[in-house]
Amino acid sequence: MDKSPRWRASAAPLKIINVDTDMVIPKQYLKTIKAHRPWQGAVLEQRYKDDGSENPDFILNKPAYRNAKILVAGDNFGCGSSREHAPWALLDFGIRCVISTSFGISSTTTASRTAFCRSASPQDDLDKLFDDANAAPMRH
């Protein structure tokens, strides 16, 4: 049996359901079918205001979560159209794992071809993870 790597990382609570691939990486950042550092577009609509300034209310812009490696996400993460760019963008942004109750088929397919981790969890367990991430963000 292969040993799974162990690492310690902070988790950010992204309590949004149906985060689709367009939300993760907007279409204007899809310039190639190869990984090309699309992180600057990751969760663009949520990260920035219309004037281009950072949205201080978005969880990944808050100081305690800027270095989060894990997203605790709402149900059906990664739904929508299939695009490899979504896990690439999250990986390049620094997110290594998403924990949710379920994942869209595109997320399942594309994540299996990358070094991106996803983990399905029962709702009760996910609620505890949301509480933990909200109560005690780690700073690395």
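**Strand β3 and its surroundings**

In strand β3 (residues 97-100), Cys97 and Ile99 point one way while Val98 and Ser100 point the other, and all are buried. Buried means under 20% relative accessible area, exposed over 50%, and partly exposed in between (1.4 Å probe, protein chains only). In a regular strand, side chains alternate between the two faces of the sheet. Strands (E, at least two residues) and helices (H or I, at least four) are DSSP runs numbered from the N terminus.

This is a predicted model, in which local features need pLDDT of at least 70 and side-chain atom pairs count only at pLDDT 80 or more, while totals for chains, interfaces and linings use all residues. Residues are numbered from 1 along each chain as its sequence is written, and side-chain values use heavy atoms, with hydrogens and water left out.

Strand β2 (residues 70-73) pairs with β3 in the parallel sense over three bridges; two strands pair if DSSP finds at least two bridges between them. Ile70 has Cys97 as its bridge partner in β3. Strand β4 (residues 117-120) also runs parallel to β3, joined to β3 by four bridges. Here Ile99 has Ser119 of β4 as its bridge partner.

After the strand comes a loop: Thr101 lies between β3 and α4 (105-111). Its side chain makes a polar contact with the side chain of Asp75 at 2.4 Å. A polar contact is a pair of N or O atoms within 3.5 Å; within protein, one must be able to donate a hydrogen and the other to accept it, and residues adjacent in sequence count only if both atoms are side-chain atoms.

Another loop, between α2 (44-47) and β2, holds Asp57. Asp57 is exposed, with a relative accessible area of 62%.
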